[in-house]
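Take a moment to turn the model around before reading on. The report below walks through its charged pairs, backbone turns, buried parts and surface.

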Amino acid sequence: MRILTVGAGAVGGFFGARLAQAGHDVSFLVRPARAKALAARGLRVEGQGESLHITPDLVTSDAPDGPYDLVLLSVKATALHAAVADVEAAVGPDTAVVPLLNGIAHLDVLVGRFGAGAVLGGVAKVVTTLNEEGDVLRMAPPAVILTGETDGRPSARVEAIRTALAGAGIDSPATEDIVAAMWHKWVFISTLVALTCLMRGTVGEVNAVPGGAALGPSLLAEAAAVAAAAGHPVPEADLAFTTATVTASGSPLTPSLYRDLAAGAPTEADHVLTDLTLRARALGVATPLLDLAALHLRVHEHRLAAGRP
């Protein structure tokens with residue numbers, strides 16, 4: 001399978017390296033600064049008993065060397081529109097585009113550019129980050145990509161992608177409703193983002209203070225209510241997992257959006273929280289805590305736009 005990974009950061013770098021190691025023809029479309037670092041050091045994945053080093057095949061937006069069988073879109077939402085323009089020449093009539101972003105707003109963007117027939121749903125479950133050297137550091141065991149046709153029908157191309165992923169050590173169980181799976185991941189990440197960003201601390205730090213342990217479940221209840229009103233109720237097992245995650249004592253967990261916030265960088269707040277609260281309004285669901293978290297992040301983005309840290 002000929003694969004283009006758009007982005008070689010913590011997510012795209014991890015999955016792309018795994019696929020390349022498994023023998024697939026994998027190219028990485030990256031920005032100049034990342035290309036320079038990867039050309040000098042290679043792409044390395046470390047942690048959880050894994051030590052992987054490849055010399056990545058790097059391509060640029062003006063010469064993407066397409067079309068590809070599969071495009072894995074693993075950029076942040078803040079870079080979505082630029083990435084879509086960069087990858088346009090890499091998408092042919094038989095290319096499958098699998099986005100690995102949080103939320104669901106990107107589906108409309110991708111369908112608008114490439115057509116509904118090219119775009120699959122996608123969910124990534126992986127806990128990785130980039131260290132100071134630019135290497136991918138794997139911090140927890142999950143290595144999962146869910147994908148499927150957005151209308152829920154079975155297809156040969158989805159099975160081919162799942163087979164390729166499984167052969168690279170990436171779990172890809174069959175998913176009857178990928179859009180619902182995307183909503184369920186959105187509920188999880190929005191709860192975690194709201195909790196840590198609103199309180200400016202790790203999960204463990206929030207839960208260590210009086211009243212802290214009640215906030216995560218309250219945020220989860222709001223997010224889950226939006227998903228249910230949209231026709232995608234979150235399964236009880238997923239609710240239990242998220243509850244356990246956001247109430248864990250001593251947990252050092254923070255999402256990447258929180259780390260961007262703490263670093264004074266732009267965040268995916270609009271894509272993750274603002275979009276969710278706007279959908280809540282349209283569906284008649286009250287989300288006062290999520291609204292507050294979204295407002296907190298909008299103030300951060302306003303400061304950045306004004307040139308203030």
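## Salt bridges

A search of the whole structure turns up 14 salt bridges; a salt bridge here is a side-chain nitrogen of Lys or Arg within 4 Å of a carboxyl oxygen of Asp or Glu. Side chains of opposite charge can pair when their charged atoms come close. Before we look at some of them, please note that this is a predicted model, in which local features need pLDDT of at least 70, side-chain atom pairs count only at pLDDT 80 or more, and totals for chains, interfaces and linings use all residues. Residues are numbered from 1 along each chain as its sequence is written, and side-chain values use heavy atoms, with hydrogens and water left out.

The table shows three of these pairs.

| Pair | Closest N to O | Apart along the chain |
|---|---|---|
| Arg2 and Asp65 | 2.8 Å | 63 residues |
| Asp86 and Arg31 | 3.0 Å | 55 residues |
| Lys76 and Asp260 | 3.1 Å | 184 residues |

Where do the partners Arg2 and Asp65 sit? Arg2 belongs to strand S1 (residues 2–6), while Asp65 is in the loop between S5 and S6. Helices (H or I, at least four residues) and strands (E, at least two) are DSSP runs, numbered from the N terminus.

The pair of Asp86 and Arg31 also links distant parts of the chain, with Asp86 in helix H3 (residues 80–87) and Arg31 in the loop between strand S2 (25–29) and helix H2 (32–41). Is each partner buried or partly exposed? Asp86 counts as buried because its relative accessibility is 15%, whereas Arg31, at 48%, counts as partly exposed. The cut-offs are these: buried means under 20% relative accessible area, exposed over 50%, and partly exposed in between (1.4 Å probe, protein chains only).

The pair of Lys76 and Asp260 joins the loop between S6 and H3 to helix H10 (residues 256–262). Lys76 is partly exposed at 35% relative accessibility, and Asp260 is buried, with a relative accessible area of 17%. Elsewhere, Glu149, Asp151, Arg153 and Arg157 are joined into one network by salt bridges that share partners.

## Backbone details

Asp65 deserves a second look. Its phi is near 60 degrees, a positive value in a residue other than glycine. Asp65 is partly exposed, because its relative accessible area is 47%. The peptide bond from Gly66 to Pro67 is cis, with omega near 5 degrees. Pro67 is found in the loop between strand S5 (57–59) and strand S6 (70–73).

Gln48, a residue other than glycine, has a positive phi too, near 55 degrees. Gln48 lies in the loop between strand S3 (43–47) and strand S4 (50–54), and with a relative accessible area of 44% it is partly exposed.

## An enclosed helix

Why is helix H1 (residues 12–21) largely enclosed by the rest of the structure? Eight of its ten residues are buried, so the helix is largely enclosed. Among the buried residues of H1 are Phe14, Phe15 and Leu19. After H1 comes Gly23, whose phi is positive, near 105 degrees.

## A pocket and a surface patch

Rolling a probe the size of a water molecule over the atoms shows where empty space is left. The second largest pocket holds about 170 Å³ of space. Of the 13 residues that line this pocket, the closest to its centre are Arg153, Pro154, Val158, Glu159 and Thr175. Strand S9 (136–149) and helix H5 (156–167) are the elements that give two or more residues to the lining. A pocket is an open set of points on a 1 Å grid over the protein atoms alone, where a 1.4 Å probe fits, with protein on both sides within 12 Å along at least five of seven lines; lining residues have an atom within 4 Å of a point. The volume is the space filled by probe spheres set on the points, which are joined across faces, edges and corners.

On the surface, Leu292, Leu295 and Val299 make a nonpolar patch of about 250 Å². Such patches are made of residues with over 30% relative accessible area and no salt bridge, with nonpolar side chains (Val, Leu, Ile, Met, Phe, Trp, Tyr) joined within 5 Å and like charges within 9 Å. Accessible areas come from the Shrake-Rupley method with a 1.4 Å probe. Leu292 has its place in helix H12 (residues 288–305) and counts as partly exposed at 45% relative accessibility.
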